[in-house]
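Me: Could you take a close look at one part of this structure for me, the open sheet and whatever packs on it? I'd like a connected walk through it.

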Amino acid sequence: MILKWPNFQSSFWTILLFVSFSGFAITQDKTIDSLSFYTDNKDYLKGLKYSREKAKFYLENKDYKKYCDVSLKKADIYFLLNDSQKSFETLFKALKIAEQHNIVASRMEILEDIGHRYASIRNYDRAKNYYYRSLSLGRKHKLLNSTSFIYQRLFKVHILTKSDSAFFYMEKIMKGAKELNDPSELAFSHNNYYSYYITNEKPTLARKYLDSSMLYAEKANNVRQICTALSNLGYYYLVVEKNYKKGVEQYQRSLKINPKDTISQEVGDTYLNLSYGYEMMGDYKNAIEYMNKYFHVNETIYEDNIKRAISDVETKYKIEKIENENKEKQRLLEEKQKNNQKIILIFIALFAFSTILFYFFYQNLRLKQKNKFIDLDRQIKQNIINATIDGQEIERKNIATILHDSISALLSSAGLHLSAYTANNPTENSEEIKKTRAILKEAHDNVRDLSHELIPPLLAKFGLFHALQDLCEKNSNSILQFEYSSYVPQGRRYNEEFEMRVYFITAELFNNIIKHSKASKAYITLEENNNQLLLTIEDDGKGFDTSKELLSDGFGLTQIKSRIKHLKGSITINSKINAGTLIYIKLQIPK
């Protein structure tokens, strides 16, 4: 988890907050079998082949409980290969089997795993939905206790979304830890409290639970937990108390506890925070040394990830090759079955009356199949459009994050070296140094502006309505005026995904007005009624024939309609040639 603090001396700096969301360390039962062996050794091809054979065997022998168990592990392998689609397909197929045969325990585990998959790709709303379904099922059939791992997952997703429910699950987890009376579990549980209070900007309470977490970690002699507690304590001194000397001391203690670890992500983050601490103390030599160590760790991790990715791609290629071979065998079998059916039809054709009946039956079946294919094709196109736009929105967020965090870190490093040089050579103030400072500032400003263009800061900070009002003001000029009216209570906010989608749909409609309408005035009105958001967009332009679809560059009315349908909404367009255009949109507000 990364927190950004605006009151740092250097605008480039970012301090990493070490918060262990693994929190409640009660492990789920994992049988040491062949599948676990294959995944632990990253032999995914053999693991996938073995899981398919076992799944087929259990399904044929109607052992549906074991089929669901092996499906969970097969889904894990697909996810490790970054094939989220097949991972979800495997889980939902297993869920269907578990529901058909009323295997309650398997249903609960599968629902929880589906939620975990959605949380892994940061779709927290869907993750919560499946977690709650799993929780409800477990409670109904009394399959849960205070130590069930589902509570830790719910705590994690709620604290990531800054939900008030995080406190409830945090206390639930603490209760389970106290029942076990295990120091390691109590250390994790107290760390949850630290995470909660530091996230909610209550540093005094956070420090109290951090100290308790350290005591239990030392009592358990758990090196990883002790390092986490020391890193959190170092962060506390750097950010809350501004005691940079003590902060540096905690990070140095953390490094000494586990001296053999020099290339992990946690150690890299420790180097970065040490660099910051030394810089704030004016020790630029050590600051540069640890910044260089941080970049060395990142380069090592990056190279390892590249090697692992190449290996995964090769494994995935082999898996797809086997799947294609299986599909070919299935196709040949189906063709053989079709040939046998034709032979049967020849004999049936000898009977004229039967042939006529068969003919009408066959034609009717073809018609139904044709209609099904048409519906399926329409649905596939709809899904492709929605998936493409989802991908674009995710990429916007990811690129903006990379620009702000990664590129800013590089600029920070350059600024740090320049500051160190200036500090060591105070009498030297050449024109080249001034130019370098100016270039760094310009680069930083450009990165910030580009990040804001991808995701408007008003949208993230103040919400949809402020962002739309700003959009109207930015697009207004002497030729075309946008007027904004909102009847929604001031300060109203919706979830981030919904606001972002509504904003970009509205922005694209504005672009259509600017490019095509030749209007002089345009109006946008927002209302909220019966848990629905109502948008009215009107212009006095030249209008168009609504019987024909107008396509703009990559995002025409067809795509807008598809997007609105995906949001469970509706759109009505009234327009005539030389009579302007009125667009009325209804959107269901997500809970």
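Reply: Happy to; here is a tour of the sheet, followed by a short word on the nonpolar cores. Please keep in mind that this is a predicted model.

Let's begin with the strands. The open sheet is built from five of them, arranged in the order 3-4-5-7-6 with mixed pairing. At its edges you will find strand 3 (481-486) and strand 6 (570-575); each has a single partner strand, so one side of each is left without a neighbour in the sheet. From one strand to the next, the twist averages 10 degrees.

Now move inward to strand 5 (residues 532-539) and strand 7 (residues 581-588), which pair in the antiparallel sense over eight bridges. A handy landmark here is Leu534, which stands opposite Lys586 in strand 7.

Two helices accompany these strands. Helix 19 (residues 496-517) lies across strand 3, strand 4 (521-529), strand 5 and strand 7, and it runs at about 10 degrees to strand 5. Helix 20 (residues 557-566) also packs on the sheet, where it touches strand 6 and strand 7. The direction of helix 20 makes about 145 degrees with that of strand 6.

Finally, the cores. The largest nonpolar core has 84 residues, and the members touching the most others are Ile110, Ile114, Tyr131, Phe155, Tyr271 and Leu274. Apart from that core lies another, of 39 residues, and among them are Leu471, Cys472, Leu535 and Ile585. Two of these names bring you back to the sheet: Leu535 falls within the residue range of strand 5, and Ile585 within that of strand 7.

Technical notes. Residues numbered from 1 in each chain as written. Predicted model: local features only at pLDDT ≥ 70, side-chain atom pairs only at ≥ 80, totals over all residues. Heavy atoms only, no water. Core = buried A, V, L, I, M, F, W, Y, C linked by side-chain atoms within 4.5 Å. Buried < 20%, exposed > 50% of the residue type's maximum accessible area, 1.4 Å probe, protein only. Pairing = 2+ DSSP bridges. Helix = DSSP H or I, 4+ residues; strand = E, 2+ residues; numbered from the N terminus. Axes fitted to C-alpha atoms, helices over the stretch in contact; angles between N-to-C directions. Contact = heavy atoms within 4.5 Å.
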